[in-house]
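Student: Could you take me slowly through a single part of this structure, and then show me how the places around it are built? I would like one connected account that I can follow with the model open beside me.

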Amino acid sequence: MTNVRTTDITIIGAGLGGLTLARVLHVHGIQATVYEAEASPTARAQGGMLDIHDYNGQPALEAAGLLDEFRSLILEGRQAIRILGRDRTVLFDQPDDGTGGRPEVQRGELRQILLDSLPAGTVRWGHKASSARALGEGRHEVTFADGSTVVTSLLVGADGAWSRVRPLLSTATPEYTGRSIVETYLFDGDARHPAAAKAVGGGSLFALAPGKGIQAHRERGGTLHTYVALTEPQEWFAAIDFTDACAATARITQEFDGWAPELTALITDSDTGPVLRHLYALPIGHRWDRVPGVTLLGDAAHLAAPNGEGANLAMYDGAELGQALAAHPDDIEVALTQYEQAMFPRGTEAATEGTQLQELLFGDDTPHGLISAFIDDEQTP
């Protein structure tokens with residue numbers, strides 16, 4: 001059949017984790033093919049800012065030979081953190097003095113340097129995986145939405161929360177965390193939205209109350225990207241018509257009645273319609289027994305509530321898996337075992353810390369517990 005292809009290493013998903021894996025393999029002279037559902041690199045916006053950590057994301061980029069390219073993307077000053085009360089009182093203000101270990105970059109720009117570092121044709125766009133099945137002896141077949149298939153000796157699911165590869169290894173499925181995010185954007189903030197821009201400051205803003213909050217990042221070009229968090233069941237959000245931007249904005253803003261106008265303007269003055277994103281997580285400690293010829297990385301393996309680690313962990317997973325495969329080119333199973341035995345506790349630790357962070361952000365003691373955590377962090381040598 002002409003629509004069946006056979007490859008040695010097949011990566012499903014051209015997110016940061018899958019691309020890091022492909023790049024690290026390439027550095028070691030190992031070819032892989034990445035299949036991505038999106039039609040092109042620019043098919044959709046790639047999200048907002050990422051802080052790339054000096055203990056996982058940056059080592060992954062070093063393994064990929066891309067540290068210099070990464071450094072050229074860093075947005076200076078964006079590690080600043082500000083916590084405001086709902087009346088806009090400044091409760092905590094930490095400037096970016098250039099010594100922090102979590103420099104900020106735009107996700108789309110980071111993804112592009114990874115794409116640019118791969119040989120032409122490595123990524124096959126417009127290939128949405130619909131299912132995968134075992135063929136025996138460690139080989140697997142992936143079927144795509146267009147009916148085509150690929151057979152592979154090593155299948156890596158780097159395909160996120162709703163991975164089509166995960167069912168080969170695990171029956172676990174993501175569950176709603178009880179909290180959702182509504183995203184808004186204010187463009188050219190300093191000129192067009194000066195009061196809101198001043199409130200956000202130079203980096204990240206947190207304005208929090210139990211069960212809800214307004215978080216914002218200053219992105220490239222003065223864009224103010226806001227994440228409005230609300231702890232409500234999915235049915236609550238389903239009652240809001242998000243196709244009616246005005247009505248949805250008014251309903252979300254109602255949850256912040258009495259808050260300072262500079263803060264609520266981050267919702268009401270959005271230059272885009274509000275975008276709803278439910279937050280899901282896999283069970284903390286998710287793991288599986290070794291299955292020949294297949295593994296997972298990133299959110300496909302250890303999806304957790306947002307904690308600043310997701311993208312970093314995905315890249316680190318990709319780098320570690322790539323290096324393990326390079327170290328054991330004649331024994332894939334040894335490489336996969338080595339990778340998974342380190343990845344499982346790493347994902348568990350991050351998810352546990354993420355749960356604790358969510359409690360600091362939205363628990364009964366917010367924002368005081370969060371401020372204490374930042375102060376303790378500042379004082380730790």
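**A close look, starting from one loop**

Tutor: Pro367 sits in the loop between H12 and helix H13, which covers residues 368–379. Please keep in mind from the start that this is a predicted model. The peptide bond that joins Thr366 to Pro367 is cis, with omega at about 0 degrees.

From this loop we can step back into helix H12, which spans residues 332–362, and look at the spaces that it helps to line. The structure holds one cavity of 30 Å³ or more, and about 80 Å³ of space lies in the largest cavity. Of the 13 residues that line this cavity, the closest to its centre are Gly285, His286, His302, Gly347 and Thr348. Two elements give two or more residues each to the lining, namely helix H10 (299–302) and helix H12. The largest share, five residues, comes from H12. Sorted by class, the residues of the cavity lining are eight nonpolar and five polar, with no charged residue.

Helix H12 also takes part in an open space, the second largest pocket, whose volume is about 230 Å³. The pocket is lined by 15 residues, and those closest to its centre are Thr177, Ala281, Ala305, Thr355 and Gln358. Both E11 and H12 supply at least two residues of this lining, and H12 again gives the largest share, which is five residues. The classes here are eight nonpolar, four polar and three charged residues, whereas the lining of the largest cavity has no charged residue.

Strand E11, which we have just met at the pocket, covers residues 175–186, and the loop between strand E10 (149–157) and E11 holds Trp162. The ring centres of Trp162 and Tyr280 are 5.0 Å apart and their planes stand at 80 degrees, so this pair counts as edge-to-face. Tyr280 belongs to strand E15 (residues 275–281), and the pair links parts of the chain that are 118 residues apart. With a relative accessible area of 23%, Tyr280 is partly exposed.

That contact leads us to the other rings, for the structure holds nine aromatic pairs. One of them joins Tyr35 and Phe144, whose rings are 4.9 Å from centre to centre with 35 degrees between the planes, a tilted arrangement. Tyr35 lies in strand E2 (residues 33–35) and Phe144 in strand E9 (residues 139–144), so this pair ties together parts that are 109 residues apart in sequence. Tyr35 and Phe144 are both buried. Elsewhere, ring pairs link Phe92, Phe206 and Phe374 into a cluster. A ring can also have a charged side chain over its face, and here Lys212 lies over the face of Phe256, at 5.6 Å from the ring centre.

Now follow the chain on either side of strand E9. Before E9, Glu137 is found in the loop between strand E8 (129–136) and E9. The phi of Glu137 is near 55 degrees, a positive value in a residue other than glycine. At 82% relative accessibility Glu137 counts as exposed, because the cut-off for that word is over 50%. After E9, Ser148 has its place in the loop between E9 and E10. Ser148 has 7% relative accessibility and therefore counts as buried, the limit being under 20%. Ser148 and His127 are 21 residues apart along the chain, and their C-alpha atoms are separated by 8.8 Å.

Positive phi values turn up in other places as well. Arg88, in the loop between strand E4 (81–84) and strand E5 (90–94), has a positive phi of about 75 degrees although it is not a glycine. Gly29, just after helix H1, takes a positive phi of about 80 degrees.

Helix H1 itself makes a good place to finish, and you can check its length by hand. Its 12 residues, 16–27, should span 16 Å at 1.5 Å a residue, and the end C-alpha atoms are 16 Å apart, which agrees. Of these 12 residues 10 are buried, so H1 is largely enclosed by the rest of the structure. Among the buried residues of H1 are Leu16, Gly17, Leu19, Leu21, Arg23 and Leu25.

How values were computed. Residues numbered from 1 in each chain as written. Predicted model: local features only at pLDDT ≥ 70, side-chain atom pairs only at ≥ 80, totals over all residues. Heavy atoms only, no water. 1 Å grid on protein atoms, 1.4 Å probe; cavity = no way out; pocket = protein on both sides within 12 Å on 5 of 7 lines; lining within 4 Å. Points joined across faces, edges and corners; volume = space filled by probe spheres on them. Helix = DSSP H or I, 4+ residues; strand = E, 2+ residues; numbered from the N terminus. Nonpolar A, V, L, I, M, F, W, Y, C, P; charged D, E, K, R; others polar. Expected span 1.5 Å × (residues − 1). Buried < 20%, exposed > 50% of the residue type's maximum accessible area, 1.4 Å probe, protein only. Phe/Tyr/Trp six-rings, centres within 6.5 Å; stacked < 30°, edge-to-face > 60°. Lys NZ or Arg CZ within 6 Å of the ring centre and 35° of its normal.
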